[in-house]
Amino acid sequence: MKKALIFQGGWDGHEPEQVASILEGILIEEGFSVNVADSLTVLTEEHLPDYDLIVPNWTQGQIEDDQLKSLMAAIETGTGLAGLHGGMGDSFRMATDYQFMVGGQWVAHPGNDGVRYKVQIKDRTHPLTNGMADFEVESEQYYMHVDPAVSVHATTTFPIADGPHAVNGSVEMPVVWTKQWGKGNVYYCSLGHVAKIVRMPEVMELMRKGMVWAAR
C-alpha cells in the first residue's frame with residue numbers, strides 16, 4: 001500500500017481542513033494509506049522519504065529552514081509532490097526554494113472570487129487529462145509566475161476581469177502543470193479556492209489523476 005502525507009493549515013479562507021478531507025478521500029479510494037497532519041513539525045518529526053506522495057495544503061504561513069530542507073530532500077529522492085490552488089501555489093511566500101521546486105507562485109486573481117472563466121485542456125491524450133473536455137468554473141482565476149521548465153496540461157486565458165494588466169492583451173496562463181525535482185514528480189493545479197470548487201467533478205478528476213501520477 002502506498003503512503004501519502006497531507007499537511008494542512010495556514011490561511012483559513014481556503015478551508016484547509018475541508019479540502020484536506022476531500023483529497024484524503026480521493027487517495028483512500030486509490031488505495032493509499034493517508035496521514036493528515038495539521039502542523040509543519042511533521043516535516044522534521046517523520047522520515048519523509050517513507051512516503052510515496054506529499055500533498056501540501058498550507059496557504060501562506062512560514063516554514064522553518066530545517067522543515068523546508070527535509071521536504072525538498074524527500075522530493076529530490078523520489079517522493080512525489082502534488083497539490084492545488086493556494087495550498088501549494090501560495091505557500092511560504094518568502095521561501096523561494098519552495099517556489100522553485102513547485103514550479104510557480106500565485107501573484108494575483110484579477111476580479112477576485114466569482115470570475116467565470118474557461119479551463120482549456122491542452123492534450124486530451126495525456127494520462128493526466130485523457131478524455132477530459134474544456135470546462136467552466138466560477139471562482140478565482142489565478143495569475144501565476146511560472147517556471148519555464150514546467151509541462152503545461154491545461155490553461156486559462158487572461159484578461160477577463162478588467163485591470164491594469166489588461167493592456168498587455170491576451171495571455172495564456174497555466175492552470176495544470178508538471179515538472180521534475182530530482183527523482184520526484186511534481187504536479188500542480190491552480191483550481192480549488194474552497195471545498196465547493198474542489199468537489200467539482202472536473203477538479204476531482206484532475207486531482208485524482210495528478211496525485212496518482214505524482215506518487216512514487
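**Reasoning from the values**

Reader: What makes R124 partly exposed?

Author: In this predicted model, R124 has a relative accessible area of 40%. Partly exposed lies between 20% and 50%, so R124 is partly exposed.

Reader: How do you know that D134 and R124 meet in a salt bridge?

Author: The N to O distance between their side chains is 3.0 Å, and the cut-off is 4 Å, so the pair qualifies as a salt bridge. Both D134 and R124 lie in the loop between β6 and β7, so the bridge ties together parts that are ten residues apart in sequence. D134 also counts as partly exposed, at 33% relative accessibility.

Reader: Why is the pair of F92 and Y98 called edge-to-face?

Author: The structure holds five aromatic pairs. In the pair of F92 and Y98, the ring centres are 5.2 Å apart and the planes stand at 80°. Centres must lie within 6.5 Å, and planes over 60 degrees apart count as edge-to-face, so the name applies to F92 and Y98. F92 and Y98 are buried.

Reader: What makes the pair of W106 and Y142 tilted?

Author: The angle between the planes is 45°, with 6.0 Å centre to centre. An angle under 30 degrees would be stacked and one over 60 edge-to-face; 45° meets neither condition, so the pair is tilted. W106 belongs to strand β5 and Y142 to the loop between β7 and β8, 36 residues apart.

Reader: Are W106 and Y142 buried or exposed?

Author: W106 has a relative accessible area of 16%, and Y142 has 3%. Buried means under 20%, so W106 and Y142 are buried.

Reader: What puts the buried residues of α3 on the same side?

Author: The buried residues of α3 are Q67, L68, L71, M72, A74 and I75. They cover an arc of only 160° around the axis, which puts them on the same side of α3. On the other side, D65 and K69 are exposed.

Reader: How do you know that R208 forms a salt bridge with E29?

Author: The closest N and O atoms of R208 and E29 are 2.9 Å apart, and the limit is 4 Å, so the pair is a salt bridge. R208 in helix α7 and E29 in helix α1 are 179 residues apart. E29 has 58% relative accessibility and therefore counts as exposed.

Reader: Which residues are linked in a network with R208?

Author: E30 also forms a salt bridge with R208, at 2.9 Å between the closest N and O atoms. E29, E30 and R208 are thus linked in a network of salt bridges.

Conventions
Residues numbered from 1 in each chain as written. Predicted model: local features only at pLDDT ≥ 70, side-chain atom pairs only at ≥ 80, totals over all residues. Heavy atoms only, no water. Buried < 20%, exposed > 50% of the residue type's maximum accessible area, 1.4 Å probe, protein only. Helix = DSSP H or I, 4+ residues; strand = E, 2+ residues; numbered from the N terminus. Arc of directions from axis to C-beta.
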